[in-house]
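Visitor: I am new to this structure and would like a close look at a single part of it, the surroundings of one residue in the core. Please start there and then lead me outward, step by step.

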Amino acid sequence: MSHYTFLPWLRQGLANQILEGDNNTTVKQRSSITVTVRVASDTGATLDVPQLIKLVGPGDVVGIDPRAVVRTEPQRWTANFEPNYLPLIEFYDEDFPWRYTPVSSSPTTTRIRPWITLVALEEKEGSNAGEYEEISTSKPLPSFKLKGNPTALFPSASELWAWAHVHANEALGGTNPLVGTNIGPAMNQLDALIRLNPDRAYSRLLCGRKLKPNTSYQAFVVPSFEPGRLSGLGLEQPEPVFATMSAWADYAGRPGGDLYPYYFRWNFKTGDDVDFEKLVRLIRPEALDPRVGVRPMDISRPQGSIDPALIPAERQTMLLEGALISPAAVRSPFFTAPDADLRKQLVQLLNLPEKSRKAAPTDDPIITPPIYGQWHFLTPELKNETNVNFVHELNLDPRWRAAAGLGTRVIRDNQEKYMEAAWQQIEGVLEANRQLNRLAFSTEALLNVFGKHLKPLDPSVGLLLAKTLHQKVLVSNPGSSPLTAKAIIEKSPLDRGTVSNAFKKVVRPRGQVALNSRPVTAGVLQLGVVVRGVNTQKLLPFPVKDAAPKFLFSIEKAATALIAQPASPEANALLRADQLTVLNVQNIRSVKDFVINSKADVRFIKADARPIPGRGQIRGAAWAVG
C-alpha cells in the first residue's frame with residue numbers, strides 16, 4: 001500500500017535565515033541577512049565584521065528552465081479534462097515554489113506564500129471572447145493582457161499558501177505518521193529521504209479555479225509578487241511597491257495596467273461534466289412499494305405427513321422474498337419455538353430416509369423432500385433445535401426451501417452442460433496432478449543422485465562442479481545484503497581461472513598433471529587440496545621463478561662480464577648516438593668491442609640461427625640498445 005506525506009512548504013539554504021516577515025513594507029525588492037566575517041591579523045588578533053547580504057528575490061528572476069517542470073495535469077493538448085478536477089504543475093526541486101519568497105520561516109511556520117502562482121484563463125473560441133489577450137511585444141518575459149477583474153480570475157493573494165505543497169512518496173515518521181503544525185521533524189526526515197533518493201519527493205502548484213465543461217483554457221505560471229511582475233515586463237519599480245505586494249493588487253500609478261508576464265504555459269480543454277461524481281449526484285432516492293421484491297406463497301396444503309391443521313390461518317400465506325426487497329416490506333415470521341408441532345413434524349419427515357437406512361440398510365430407500373446442502377455440510381439428519389447451523393435454517397423455513405428448490409431445478413435443467421464443464425476442469429486438474437507427480441519423482445531421483453554422488457565429494461570439488469549455478473545461488477553476507485556465489489568467488493583468491501572448465505580439465509584425476517604428481521601426493525592428485533591451497537594462497541597458480549642455475553648463461557652474467565672490459569671508441573660512439581636503436585653487428589669483431597653499461601641498455605635480442613660469415617664469436621642479427 002502506498003503512503004504519501006504532504007508538507008505546506010520547504011526551505012533550503014540561506015533562505016532559512018531571512019528575518020523579515022510577510023507584508024513588510026520596508027523590504028522593497030530583496031530580503032537581507034547578516035553574515036559575520038572573522039578577520040585575523042598576522043599577530044593573531046581577530047575582528048568580527050558583520051556584513052549585510054542581499055538575497056535574490058522574485059524581481060531578479062526573468063525565466064524558468066522548462067526542464068525544472070516534471071509534469072503537468074492535464075498534459076498539453078488534452079481535450080477531455082474533467083472540469084471538476086484542478087490543473088496542476090509539478091517541479092523537480094522540492095523547495096522551488098518558496099525559494100525566492102522574501103519572507104522569514106521557522107519550524108513552527110505553517111503558511112508561506114509561493115513566489116509563483118498557477119492560473120487558468122479561458123481561450124478565445126467561437127462566441128467566447130476569452131479572458132486574456134496575447135501581447136506580441138518582446139520583453140524579458142512573454143506576457144498577456146487580462147480582460148477581466150483579477151480578483152475574480154486569480155486566487156486570493158492571502159490564500160496562495162494553500163495552493164502549493166511538497167509531495168513525498170513515503171510516510172515520514174514510519175509507523176507513527178507525522179501530523180501537526182511543527183514542520184521541523186518532518187523537514188529532517190524529508191532531507192534524509194531526498195539524500196537517499198532525490199526522486200521520492202517534489203513540489204506542486206495547484207490552480208484553485210472551478211473549470212467550465214467543454215471550454216478551452218490556457219494555464220500560466222505567473223509571478224505572485226509585484227516586483228516579479230514589473231521585472232518580467234521590464235518596468236521600473238515605483239515607490240509604493242514592496243517585496244511581498246501582490247502582483248494583482250491595485251494601487252495608484254500601477255505600471256503595466258493589466259499586463260502579466262508568465263514563466264511557463266500550456267493549453268488544454270475540458271470535456272463534458274459527466275464523470276462518476278456527476279452521475280452519482282444524478283441519482284435520486286425513490287420510496288419503493290412494500291410489495292417490491294416479495295410475492296405471496298401459499299403453504300396451507302403441505303404434502304407428506306405434515307398435518308395442515310397445525311398451520312395457523314394467519315401464517316397460511318407467507319411472503320417469498322427475493323434477493324432485493326423494499327425497505328418498507330413487512331417480513332413474515334415463521335415458527336421458531338423448538339417444541340412447535342409443525343417444526344417437529346417437518347424434522348421427522350426430512351430425517352425419515354436416514355433413519356430408515358440405518359434401521360434396514362438393505363431395504364429400498366424412502367423418498368421424501370430432500371435436505372438441501374446435506375452433502376456439503378455432511379448433515380444427513382436435522383435436529384429439532386434453533387440456531388444450529390445454516391442447513392437447519394435453510395431446510396426448516398418454507399421460504400428458504402422454496403428458493404433452494406428453484407436453484408435445484410436450475411441445476412437439474414442444465415446438469416449435462418454443468419457436468420461437461422466440470423469434466424473440462426477435471427482434465428486440467430488431472431494434468432496438473434501428473435505434472436506434480438513427475439516433479440515429485442524428479443525431486444526424489446535428484447536427491448538420491450545428490451546423496452550418492454555429490455554429497456560424499458569434497459566441498460571444493462562440488463564448488464567446481466556447480467560452476468553454472470554460481471550466478472544464481474545467493475549466499476548470506478553478514479552485515480550486508482546477500483551476494484551470489486560468483487561474486488564471492490571473484491573477490492576471493494580463487495578468481496575465475498580456478499573454477500574454469502580448463503582448470504578442471506587440467507587437474508582431472510586421470511589427467512597428465514595428476515599422474516605426474518603421484519610422487520608428491522602419494523596417489524591420485526586431490527582436486528580439493530588444490531582448490532583450498534589456492535584459496536588460502538598456500539598454493540600459487542604461477543610459481544615464483546627461481547634464479548638461473550650457475551651453469552646457464554644469462555643476460556646478467558653477460559653484463560657483468562662485459563662491464564669490466566675496456567670500451568672501443570667505435571662502440572662508445574655508437575652508444576652515444578641519440579637516434580640509434582639497432583646496432584648492426586657486421587662491424588663488430590667480438591663482444592669486447594663494446595660495453596653494456598646496465599641491464600636497462602639491453603632491450604631486445606633478435607635470435608638468428610645463421611652464423612655471420614667471419615664472425616664466429618657473435619650469434620644474432622642485431623642488438624637493440626638504448
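Guide: In this predicted model, and leaving aside neighbours within four places in sequence, I89 is in contact with V69, R71, T72, L118, S203, R204, L205, V221, F264 and W266. I89 belongs to the largest nonpolar core, which has 39 residues, and together with W115, I116, L118, L190 and Y263 it is among the members that touch the most other members. The elements that give two or more residues to this core are the strands β6 (88-91), β7 (116-122), β10 (164-168), β11 (201-206), β12 (216-223) and β14 (264-270), along with the helix α2 (184-196). Of these, α2 gives the most, with five residues.

One of the strands that contribute to this core is β10, and it deserves a slower look. Five of the five residues of β10 are buried, and the strand is therefore described as mostly covered, since buried means under 20% relative accessible area. In a regular strand the side chains alternate between the two faces of the sheet. In β10 both faces are covered, with A164, V166 and A168 buried on one side and H165 and H167 buried on the other. As for its partners, β10 is joined by three bridges to β1 (residues 5-7), the two running antiparallel, and within that pairing T5 has A168 as its bridge partner. β10 is also joined to β11 by five bridges, again in an antiparallel arrangement, and here the bridge partner of H165 is R204, a residue that also appears among the contacts of I89.

Another of the contacts of I89 is V69, and the strand β4 (69-73) leads on to a loop, placed between β4 and β5 (78-81), in which P74 lies. The peptide bond that runs from E73 to P74 is cis, with omega near 5°. A further backbone detail concerns N23, in the loop between β1 and β2 (32-40), where phi is near 60°, a positive value in a residue other than glycine. N23 counts as partly exposed, at 48% relative accessibility. L378, found in the loop between α6 (374-377) and α7, likewise has a positive phi in a residue other than glycine, near 50°, but L378 is exposed, with a relative accessible area of 71%.

Loops can hold covered residues as well, and the loop between α3 (226-233) and β13 (259-261), where S246 lies, provides an example. S246 is buried, with a relative accessible area of 9%, and, leaving aside its neighbours within four places in sequence, it is in contact with A157, S224, F225 and E226. V241 has its place in the loop between α3 and β13 too, and V241 is buried with a relative accessible area of 0%. Beyond four places in sequence, the contacts of V241 are K28, E226, P227, L230 and Y251, so that E226 is found in the contact lists of both V241 and S246. V241 and Q29 are 212 residues apart in sequence, yet their C-alpha atoms are 8.5 Å apart in space.

Further along the chain, helix α5 (residues 341-359) bends by about 50° at L352, and a proline, P353, follows within four residues. Among the buried residues of α5 are L342, L346, L349 and L350, as well as N351 and E354. The buried residues of this helix pack against α7 (390-395) and α8 (398-413).

Stepping back to the protein chain as a whole, its secondary structure comes to 18 helices and 21 strands, and buried residues make up 34% of its 626 residues. Among contacts between residues at least 6 apart in sequence, 66% join residues at least 24 apart. The accessible surface comes to about 40,400 Å², of which 57% belongs to carbon and sulfur atoms.

Finally, a word on confidence: the chain averages a pLDDT of 81, and 81% of the residues score at least 70. Two stretches call for caution in reading. Over residues 519-524 pLDDT stays under 50, and the model has two contacts beyond four places in sequence for them. Over residues 570-626 pLDDT also stays under 50, and there the model has 69 contacts beyond four places in sequence.

Methods. Residues are numbered from 1 along each chain as its sequence is written. This is a predicted model: local features need pLDDT of at least 70, side-chain atom pairs count only at pLDDT 80 or more; totals for chains, interfaces and linings use all residues. Side-chain values use heavy atoms; hydrogens and water are left out. A nonpolar core is a set of buried Ala, Val, Leu, Ile, Met, Phe, Trp, Tyr and Cys residues joined through side-chain atoms within 4.5 Å. Buried means under 20% relative accessible area, exposed over 50%, partly exposed in between (1.4 Å probe, protein chains only). Contact means heavy atoms within 4.5 Å. pLDDT is the predictor's confidence in each residue, from 0 to 100. Two strands pair if DSSP finds at least two bridges between them. The bend at a residue is the angle between axes fitted to the seven residues ending there and the seven starting there. Accessible areas come from the Shrake-Rupley method with a 1.4 Å probe; for residues, only the protein chains shown count as cover.
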